[in-house]
Amino acid sequence: MAIFSVYVVNKAGGLIYQLDSYAPRAEAEKTFSYPLDLLLKLHDERVLVAFGQRDGIRVGHAVLAINGIDVNGKFTGDGKEVLEYLGNPANYPVSIRFGRPRLTSNEKLMLASMFHSLFAIGSQLSPEQGSSGIEMLETDTFKLHCFQTLTGMCELFDQNLKLALEVAEKAGTFGPGS
């Protein structure tokens, strides 16, 4: 299995190091006629599906390409605004590719600091004296492993603990003395 991401966070909750190891995105492409039977909305400078899941297209998926032209944020590669283009009946039939959007740098910072806060709250609220906090958070699609060090903590999003430990060992120590 694969390691998706590695986050190294200092004791104050600041992101020191981050590495992504993405598998290819699951994408769905479909040709639509007018009117579009999906509700698209602009959110965080991306055009996302807000309503109308079908054929592998899910709520939260972003518009990645229109008629083979990549979409960057709310504009196509040739400078057209996506929502304006899709609102014009003359542009149909249109082929749209959807997929999960990648995290922005700001979203990665927020994710790391948010987990650090949860980790701190978990260690303080634990009924066990001297609890080390959250060690692993498991969902149906990934596991988040948390390793605490003297200088901060390392968060690994993966599917296999053995691989996560190997990456943590290779990463070595982080902080002022490293």
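**Exercise 1. Identify the residues in contact with Val63, and place Val63 within the nonpolar core of this predicted model.**

*Solution.* Step 1: beyond four places in sequence, Val63 touches Leu40, Val47, Val71, Val82, Ile96, Arg97 and Phe98. The model on which this list rests is predicted.

Step 2: the largest nonpolar core has 18 residues, and Val63 is, with Phe32, Leu86 and Phe98, among those that touch the most other members. At least two residues of this core come from each of β3 (27-32), β5, β6 (62-66), α1 (82-86) and β9.

**Exercise 2. Determine whether Arg46 is buried or exposed, and describe its surroundings.**

*Solution.* Step 1: Arg46 lies in strand β5, which covers residues 46-51.

Step 2: the relative accessibility of Arg46 is 16%. The cut-off for a buried residue is under 20%, and Arg46 therefore counts as buried.

Step 3: apart from residues up to four places away in sequence, Arg46 touches Lys41, Gly73, Pro101, Arg102, Leu103, Thr104 and Glu107. With Glu107 there is a polar contact between the two side chains, at 3.1 Å.

**Exercise 3. Compare the span of helix α2 with its expected value, and list its buried residues.**

*Solution.* Step 1: helix α2 comprises 21 residues, 105-125. From first C-alpha to last, α2 reaches 31 Å, close to the 30 Å expected at 1.5 Å a residue.

Step 2: the buried residues of α2 are Glu107, Lys108, Ala112, Phe115, His116 and Phe119. In an α-helix there are 3.6 residues a turn, so residues three or four places apart point the same way.

Step 3: Glu107, buried in α2, is also the side-chain polar partner of Arg46.

**Exercise 4. Characterise the environment of Thr76.**

*Solution.* Step 1: Thr76 belongs to strand β8 (residues 75-76). Its relative accessible area is 7%, so Thr76 is buried.

Step 2: the side chains of Thr76 and Asp78 make a polar contact at 2.4 Å.

Step 3: outside the four neighbouring places in sequence, Thr76 is in contact with Ile66, Ile69, Asp70, Val71 and Val82. Val71 and Val82 are also touched by Val63.

**Exercise 5. Assess where the confidence of the prediction is highest and lowest among the strands cited.**

*Solution.* Step 1: the protein chain averages a pLDDT of 78, and 80% of the residues score at least 70.

Step 2: confidence is highest in strand β9 (residues 94-99), at a mean of 91, and lowest in strand β12 (residues 152-158), at 54.

Step 3: over residues 174-178, pLDDT stays under 50. For these residues the model has six contacts beyond four places in sequence.

Methods. Residues numbered from 1 in each chain as written. Heavy atoms only, no water. Helix = DSSP H or I, 4+ residues; strand = E, 2+ residues; numbered from the N terminus. Expected span 1.5 Å × (residues − 1). Buried < 20%, exposed > 50% of the residue type's maximum accessible area, 1.4 Å probe, protein only. pLDDT = per-residue confidence, 0-100. Contact = heavy atoms within 4.5 Å. Polar contact = N/O pair within 3.5 Å; in protein donor to acceptor, adjacent residues only side chain to side chain. Core = buried A, V, L, I, M, F, W, Y, C linked by side-chain atoms within 4.5 Å.
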